[in-house]
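Open the viewer and get ready to select residues by number. This tour tells you what to pick next and what is there.

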Amino acid sequence: MWRDPGAPADSFYEVRPECTDVPKSRFRIKAGRTLSTRKWQAAFTPDGYLDIGKVLRRIQRGGVHPSIRGEVWEFLLGCYDPKSTFDEREQIRQRRRNQYARWKEECRQMFPVVGSGRFVTAPIITEDGQPVQDPIVLSQINPEKEPGLPPKSVVDAVNGKLTNVNTVACSTSSSCEVLARVKEPINRATVDKKEIQWKLTLHQIGLDVVRTDRTLVFYQKQENLSKLWDILAVYAWIDKDVGYCQGMSDLCSPMIILLRDEADAFWCFERLMRRLRGNFRCTERSVGVEAQLHNLAAITQTIDPKLHQHLETLGGGDYLFAFRMLMVLFRREFSFCDSLYLWEMMWALEYDPDLFYRYEDPEAANEKAEASKGKAKSIRQCGKFEREIMRNGVKSSEAPLPISLFLVASVLKDKSSKLLQEARGLDDVVKILNDVTGNIDAKKACSGAMKIHKKYLRKAKQP
């Protein structure tokens with residue numbers, strides 16, 4: 001029987017012509033399977049209520065059309081409640097945009113490069129809050145001047161040769177303003193440690209921004225790079241427990257591309273971080289993702305004890321070789337387009353209709369959960385993975401294991417024979433797993449994860 005091979009989606013995410021080694025996307029836009037604009041619009045009532053169950057089924061069959069991906073993701077990530085109206089969502093959107101603008105202005109007051117269309121890639125202060133006397137910083141603050149040759153008055157200001165930085169006759173007012181703010185901690189009686197910590201991360205964000213998705217034409221534009229830097233800088237300021245860690249730029253980048261409004265992109269990223277921030281939270285004793293690696297080891301030991309034993313023998317029982325997969329959700333193992341397809345498949349499978357209230361109003365969500373005890377949640381509004389969790393009666397006090405763990409377990413299971421036969425050390429394990437890059441089918445990987453999840457739940461129940 002003839003099947004429609006589908007249309008390629010790579011054209012929506014144009015790759016720079018000189019980047020010839022980028023893997024081609026396996027994702028295809030298929031009529032009748034992929035969630036189209038028409039099917040998406042038809043899922044809303046005249047007032048704006050969304051039939052999320054219908055949408056989830058379509059996404060699980062064939063993903064989301066790139067032209068509507070951004071607005072669909074806002075629901076999948078819990079930015080909006082499917083049971084809300086168009087007007088209610090618009091009110092929430094405007095409130096969030098205003099909140100983001102306030103946070104961004106707060107950051108700009110501390111470091112005026114924020115929101116300027118520029119960003120920094122060199123340290124601006126030392127660990128004790130002293131300004132770094134670096135011409136690179138000056139050239140990034142004042143790009144109108146030739147790099148490395150800032151005005152003498154600006155150099156003098158940074159070097160502390162002028163007593164009042166604000167009176168410097170700089171060539172641009174913005175460069176003077178930035179220098180004054182960087183210099184400011186010296187003149188304070190008490191230096192704000194949180195502000196220092198935030199400023200110490202800004203150049204690292206910049207370094208990661210210029211490396212993120214650099215094969216895409218989209219990021220050849222300075223305005224898009226600076227937008228990514230702004231969002232990550234603002235997030236680092238408001239989430240003081242986590243701040244900024246490498247890998248976050250890979251998670252935020254798609255939001256910038258899919259959502260035109262910077263504030264909307266920020267809130268999508270913030271909701272994604274609600275799921276993943278535990279991976280980035282570090283203490284003096286441990287890295288957040290270690291808990292997930294421990295869970296991955298438990299899953300593998302349950303479904304493939306022979307492979308787990310082999311990995312332990314090789315010294316890989318800590319499963320650190322899977323660190324990257326979990327931290328950036330397979331961004332390195334898939335093409336850009338396929339990684340987006342994988343993400344929306346995962347989120348559709350995991351979807352919980354209470355997601356919005358759990359993020360927006362945790363207290364109300366807890367009250368709702370207490371009131372609904374004994375009542376079955378509408379399975380039709382849940383993703384397949386979430387349904388399995390409900391059927392197996394996972395206690396509300398236990399955080400269910402995310403589907404990402406079972407995706408990694410699925411990759412390990414597929415490579416089990418090769419790992420057992422050819423891996424004689426951890427370097428071999430890493431090499432074998434690196435070979436999967438660009439060679440995994442997102443839909444098959446999700447199907448494999450679902451099978452392993454069922455098998456794990458079944459075996460975990462056995463005495």
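Here is a walk through a predicted model, stop by stop.

**The whole chain**

Start by showing the chain as a cartoon. Its secondary structure comes to 22 helices and 2 strands. The chain has 463 residues, and 52% of them count as buried. Now think about contacts between residues at least 6 apart in sequence. Of these, 72% join residues at least 24 apart.

**A pair of tryptophans**

Turn to the aromatic rings. The structure holds 22 aromatic pairs. Select W73 and W347, which form one of them. A pair of aromatic rings is described by the distance of the centres and the angle of the planes. For W73 and W347 the centres are 4.8 Å apart. The planes stand at 80° to each other, and the pair is edge-to-face. An angle over 60 degrees counts as edge-to-face.

Which helices do W73 and W347 lie in? W73 lies in α3, residues 69-76, and W347 in α15. The two parts are 274 residues apart in sequence, so the pair ties distant stretches together. Are W73 and W347 buried or exposed? Both are buried.

**A ring cluster and two charges**

Next, select W40, F44, F75, Y80 and F86. Ring pairs link these residues into a cluster. Keep Y80 on screen and add R96. The charged end of R96 sits over the ring of Y80, 5.2 Å from the ring centre.

Then find another charge over a ring. Select R69 and F27. Here the charged end of R69 sits over the F27 ring, 5.3 Å from its centre.

**A cavity beside Y80 and R96**

Y80 and R96 also appear at the next stop. The structure holds 3 cavities of 30 Å³ or more. Go to the second largest, with a volume of about 40 Å³. Which residues line the second largest cavity? Select E74, C79, Y80, R93, R96, D264 and W267. Two elements give two or more residues to this lining: α4 (86-110) and α11 (262-280). By class, the lining has 3 nonpolar and 4 charged residues, and no polar ones.

**The second largest pocket**

Now look for an open space. The second largest pocket holds about 890 Å³. How many residues line the second largest pocket? There are 32. Select D213, R214, T215, R331 and R332, which lie nearest its centre.

Colour α10 (248-258), α14 and α15. Each supplies at least two residues of the pocket lining. The largest share, 3 residues, comes from α14. By class, the lining has 12 nonpolar, 8 polar and 12 charged residues.

**Two unusual backbone angles**

Stay with α14 and α15, and select the loop between them. It runs from the end of α14 (323-327) to the start of α15 (336-350). L329 is found in this loop, and F330 lies there too.

Most residues other than glycine have a negative phi. Check L329: its phi is near 50°, a positive value. Then check F330: its phi is near 65°, also positive.

Are L329 and F330 buried or exposed? L329 has a relative accessible area of 3%, so it is buried. F330 is at 2%, so it is buried as well. The cut-off for buried is under 20%.

**Two buried loop residues**

Move on to A423. This residue is in the loop between α20 (416-422) and α21 (426-434). Its relative accessibility is 0%, so A423 counts as buried. What is A423 in contact with, leaving aside its neighbours within four places in sequence? Select H310, L314, K418, D428, V429 and I432. Draw a line from A423 to L314, C-alpha to C-alpha. The two are 8.3 Å apart in space, yet 109 residues apart in sequence.

Finish at Q381, in the loop between α17 (362-371) and α18 (384-391). Q381 has a relative accessible area of 17%; because that is under 20%, the residue counts as buried. Show what surrounds Q381. Leaving aside neighbours within four places in sequence, Q381 is in contact with D51, I52, G53, L56, Y351 and P353.

How values were computed. Residues numbered from 1 in each chain as written. Predicted model: local features only at pLDDT ≥ 70, side-chain atom pairs only at ≥ 80, totals over all residues. Heavy atoms only, no water. Helix = DSSP H or I, 4+ residues; strand = E, 2+ residues; numbered from the N terminus. Buried < 20%, exposed > 50% of the residue type's maximum accessible area, 1.4 Å probe, protein only. Phe/Tyr/Trp six-rings, centres within 6.5 Å; stacked < 30°, edge-to-face > 60°. Lys NZ or Arg CZ within 6 Å of the ring centre and 35° of its normal. 1 Å grid on protein atoms, 1.4 Å probe; cavity = no way out; pocket = protein on both sides within 12 Å on 5 of 7 lines; lining within 4 Å. Points joined across faces, edges and corners; volume = space filled by probe spheres on them. Nonpolar A, V, L, I, M, F, W, Y, C, P; charged D, E, K, R; others polar. Contact = heavy atoms within 4.5 Å.
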